[in-house]
Amino acid sequence: MEEKYLTLKEAIVDGEVESGSEEMQKLIDSGIEPAEIFSNCVEPTLNDLGDKFASLEIFLPDLMIAGEVVEAIQIVAEPYLKAGAAEVVNKGTAVICTAYGDLHDIGKNMVNLMMQVNGFKMVDLGVDIAPKAVAAKAAEVNADLVCLSGLMMPSLPYIEETIGMLKGDSLTQNVKVMVGGGPVTEGWAINAGADGYADDAAGAVAKAMELVA
Ligand code: B12
């Protein structure tokens, strides 16, 4: 990782919310785009922590404090991302959430924010959302798009179930469905009946535009 990111990485790893926020602000003030900081520092750091967690080098509380720092960093970045938004033309309404049984929301929130900045009206249902609740909300708001995020293997069947429910109801059968998150691959997504997949927030925006065009 580039040296300029090491202080931020350390703050995430050590669970230092205040110094994480301060360092994020410093990096932004030095002219680095927030999206670049996420892709080149925040995400690789979380991936490293995930690997260490899987190999029992670190434990759940370590992930929890890292997650708290990243949430604070996202709050610092948000106004800058919004300020950089192009002229906002309404591109459509999208419902977004994390799959049933899954509490991870860092990636979902990044996708939500980037979609918002790029002109989508976002309806964020949060985390751990049952297929029925997603389908009901999509019908209620007459969604153009549903975005499902899944980080946990055991939750992937619920994503598939959600897609089946949306596509099987006359009220929502034309809604486009986009999926993403750590264990999701393009092949899995298409097999599960999704219309699109992306592996990061910028890709999610590009795919969303393509799907609603
Ligand atoms: C931080 C973290 C946590 C935090 C979450 C904090 C939060 N507010 O989200 C906490 C500590 C709460 C946590 C809890 C748990 N975690 Co956890 N966690 C992680 C970790 C380290 C990082 C996840 C993350 O935020 N990544 C960064 C974001 C930006 O990446 P992302 O989510 O993939 O999103 C990007 C793309 O995928 C894409 N994207 C995301 N969503 C969508 C949606 C659409 C539509 C599109 C198009 C794109 C898209 O765009 C995003 C931006 O680039 C991962 C490791 C990893 N490698 O992912 C483990 C990991 C996901 N966790 C794991 C586990 C096992 C757990 C626990 C079960 C642990 C436990 N024993 O309790 C619990 C889960 C409880 C539950 N029911 O959900 C496992 C999951 C294994 C699996 N695949 O089944 C992982 C992979 C760690 C590991 N290697 O074992 N975790």
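These legends describe close-up views of one predicted model. Residue numbers start from 1 along each chain, as its sequence is written. Because the model is predicted, local features need pLDDT of at least 70 and side-chain atom pairs count only at pLDDT 80 or more, while totals for chains, interfaces and linings use all residues.

**View 1. The whole chain holds nine helices and five strands.** Helices (H or I, at least four residues) and strands (E, at least two) are DSSP runs, numbered from the N terminus. Their order from the N terminus is α-α-α-α-β-α-β-α-β-α-β-α-β-α. Along the principal axes, the C-alpha atoms fill a box of roughly 50 × 45 × 25 Å. Buried residues account for 39% of the 213 residues; a residue is buried if 20 or more other C-beta atoms, placed from the backbone, lie within 10 Å of its own.

**View 2. The sheet is open, with five strands in the order 2-1-3-4-5.** Its pairing is parallel. The edges are strand 2 (120–129) and strand 5 (196–197), each pairing on one side only. Two strands pair if DSSP finds at least two bridges between them. Strand 4 and strand 5 are joined in the parallel sense by two bridges. Val179 has Tyr197 of strand 5 as its bridge partner.

**View 3. Domain 1 (3–83) meets domain 2 (92–212).** The bounds come from an automatic or database domain assignment. The C-alpha centres of the two domains are 24 Å apart. Nine residues of domain 1 are in contact with seven of domain 2; contact requires C-beta atoms, placed from the backbone, within 7 Å. On the domain 1 side, helix 3 and helix 4 each supply at least two residues. Helix 4 gives the largest share, six residues. By class, this side has four nonpolar, three polar and two charged residues. Ala, Val, Leu, Ile, Met, Phe, Trp, Tyr, Cys and Pro count as nonpolar, Asp, Glu, Lys and Arg as charged, and the others, Gly among them, as polar.

**View 4. The ligand lies between the two domains, because both domain 1 and domain 2 give residues to its shell.** The shell has 39 residues; a residue is near the ligand if its C-beta atom, placed from the backbone, lies within 6 Å of it. Gly50, Gly67, Gly107, Ser149 and Gly180 come nearest. Elements that each supply at least two shell residues include helix 5 (106–117), strand 3 (145–149), strand 4 (176–180) and helix 9 (201–212). Helix 3 provides the largest share, seven residues. The shell comprises 23 nonpolar, ten polar and six charged residues.

Methods. Buried ≥ 20, exposed ≤ 12 C-beta atoms within 10 Å, placed from the backbone. Contact = placed C-beta atoms within 7 Å.
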